[in-house]
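Work through the exercises below with the structure in view. Try each task before reading its solution.

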Amino acid sequence: MRQLTLKDGLHISEFSLGCMNLPLNDKNEMEKIIQFALESGITHFDTADLYQFGKNEQELGKILNAFRSTYDFTIASKGGNEFDQKTQEKIGWNPTPKHIKSAIKDSMHRLGVDHIDLYQLHGGTIEDNKEETISAFDDLKQEGVITSYGISSIRLNVIDYYLRHSDMSTIMMQFNPLDNRPFEVANTLKEDVTILARGPVMKGALSSSWRSVIEEKFPDGFLDYSYEDLKESLERLSEVDEDLTALSYAFLKYNEAVIVNGVSSLKQLKSNIESYNKMPDLSQEEYKAVLDAVKIIKYEKHRA
């Protein structure tokens with residue numbers, strides 16, 4: 001599996017594992033997923049403190065640490081949301097330095113690590129005291145608590161501020177041929193900032209089961225697509241490559257994005273990796289055919 005080097009020298013796999021939907025209540029299945037991921041060359045695992053109110057980090061850390069002597073891998077987590085782990089209730093958004101520096105200690109404890117490779121702000125609003133938040137991330141980096149940092153956001157005004165005023169290395173956002181809104185961000189990126197693309201298969205719409213998926217999950221359409229628009233786009237994409245998952249991965253590779261693919265079962269991971277291994281290198285003509293098959297969509301909110 002292709003390995004990429006991000007800013008600050010962080011090495012991660014082009015296909016990385018999103019851990020939000022891992023089956024935490026089935027430890028055996030979860031262990032199988034993590035082991036198969038590592039055996040397949042996945043070296044980057046993405047979680048967040050808010051996922052299952054800390055339990056995701058805790059269970060992921062237990063399993064990964066058992067493999068630390070055998071495999072090299074990196075862990076990304078996210079912070080900024082304040083919550084009560086005991087009551088499993090979200091309290092609110094809190095990007096203050098005090099909370100960020102406290103939250104990362106909690107994350108490290110749950111993960112069983114002495115530092116976090118990539119730490120991301122899990123959201124952000126234009127009203128935040130962004131200078132203070134950036135200062136907190138810079139402090140953590142200077143202290144060696146984190147290797148690199150980024151943000152997970154779809155707010156253009158927030159992204160623009162962090163691009164201009166921070167030393168961030170990554171932006172995480174939903175990105176795939178159907179939801180191509182990150183084009184707007186990609187056009188303004190510095191060369192050393194990388195897009196981490198979550199939702200690459202669009203809840204299964206970009207899979208072999210796309211017909212049943214859109215009937216079940218998108219009966220009223222999606223973003224600028226009506227149901228019929230969505231059906232037409234997927235039919236046209238299938239003409240470019242019948243493996244829509246592989247095509248989505250190829251689209252992201254063409255845009256130099258890291259694929260962050262979430263799974264909930266070993267079967268799903270095996271299928272996704274099979275598609276990754278069949279991922280074509282798109283020619284300019286094929287890439288144009290992908291763009292011709294879909295709508296080019298822009299973010300409607302948080303623009304100024």
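The exercises go from the whole chain to single contacts, and the model is a predicted one.

**Exercise 1. The whole chain**

Task: Find how many helices and strands the chain has, and judge its compactness from the radius of gyration.

Solution:
- Step 1. Count the elements. The chain has 11 helices and 12 strands.
- Step 2. Take the radius of gyration, which is 19 Å. The globule rule gives 19 Å for 304 residues.
- Step 3. Compare the two. They are close, so the chain is as compact as a globular protein of that length.
- Step 4. Add the spans. Along its principal axes the C-alpha trace covers about 50 × 45 × 40 Å.

**Exercise 2. The barrel**

Task: Trace the closed barrel strand by strand, then look at how S8 and S9 are joined.

Solution:
- Step 1. Follow the order S3-S4-S5-S8-S9-S10-S11-S12. These 8 strands form a closed barrel with parallel pairing.
- Step 2. Go from one strand to the next. The twist averages 30°.
- Step 3. Zoom in on S8 (residues 116-121) and S9 (residues 146-152). They run parallel, and 5 bridges join them.
- Step 4. Pick a residue. Gln120 stands opposite Gly150 in S9.
- Step 5. Now find helix H5 (residues 156-165). H5 lies across S8, S9 and S10 (170-174). Its angle to S10 is about 165°.

**Exercise 3. H1 against H10**

Task: Describe how H1 (residues 27-39) packs on H10 (residues 266-277).

Solution:
- Step 1. Choose the quantities. Two packed helices are described by the angle between their axes and the distance between the axes.
- Step 2. Read them off. The axes of H1 and H10 come within 9 Å and cross at roughly 20°.
- Step 3. Name the arrangement. Angles under 35 degrees count as roughly parallel, so H1 is roughly parallel to H10.
- Step 4. Give the hand. H1 passes H10 in a right-handed crossing.
- Step 5. List the residues. H1 brings Glu29, Lys32, Ile33, Phe36 and Ala37, while H10 brings Leu266, Leu269, Lys270 and Ile273.
- Step 6. Sort them by class. The contact of H1 with H10 has 6 nonpolar, no polar and 3 charged residues.

**Exercise 4. H9 against H10**

Task: Repeat the analysis for H9 (residues 244-254) and H10.

Solution:
- Step 1. The axes of H9 and H10 come within 8 Å and cross at roughly 60°.
- Step 2. That angle makes H9 oblique to H10.
- Step 3. The crossing of H9 and H10 is right-handed.
- Step 4. Thr245, Ala246 and Tyr249 of H9 touch the H10 side, made up of Asn272, Ser275 and Tyr276.
- Step 5. By class, the contact of H9 with H10 counts 3 nonpolar, 3 polar and no charged residues.

**Exercise 5. H4 against H5**

Task: Do it once more for H4 (residues 130-142) and H5.

Solution:
- Step 1. H4 and H5 pack at about 55°, and their axes are 11 Å apart.
- Step 2. H4 and H5 are therefore oblique to each other.
- Step 3. Their crossing is right-handed.
- Step 4. H4 supplies Lys130, Glu131, Thr133 and Ile134; H5 supplies Tyr161, Tyr162 and His165.
- Step 5. The classes in the contact of H4 with H5 are 3 nonpolar, 2 polar and 2 charged.

**Exercise 6. One residue**

Task: Place Ile296 and list its contacts, leaving aside neighbours within four places in sequence.

Solution:
- Step 1. Ile296 sits in the segment after helix H11 (284-293).
- Step 2. With those neighbours left aside, Ile296 is in contact with Asn180, Phe183 and Leu291.
- Step 3. Check a distance. The C-alpha atoms of Ile296 and Asp138 are separated by 35 Å. Along the chain, Ile296 and Asp138 are 158 residues apart.

Note on methods. Residues are numbered from 1 along each chain as its sequence is written. This is a predicted model: local features need pLDDT of at least 70, side-chain atom pairs count only at pLDDT 80 or more; totals for chains, interfaces and linings use all residues. Side-chain values use heavy atoms; hydrogens and water are left out. Axes are lines fitted to C-alpha atoms, for helices over the stretch in contact, and angles run from 0 to 180 degrees between N-to-C directions. Helices (H or I, at least four residues) and strands (E, at least two) are DSSP runs, numbered from the N terminus. Angles under 35 degrees count as roughly parallel, over 145 as roughly antiparallel, 65 to 115 as roughly perpendicular and the rest as oblique. A crossing is left-handed if the near helix is turned anticlockwise from the far one by less than a right angle, and right-handed if clockwise. Contact means heavy atoms within 4.5 Å. Ala, Val, Leu, Ile, Met, Phe, Trp, Tyr, Cys and Pro count as nonpolar, Asp, Glu, Lys and Arg as charged, and the others, Gly among them, as polar. Two strands pair if DSSP finds at least two bridges between them. The radius of gyration is taken over C-alpha atoms; the globule rule is 2.2 Å times the number of residues to the power 0.38.
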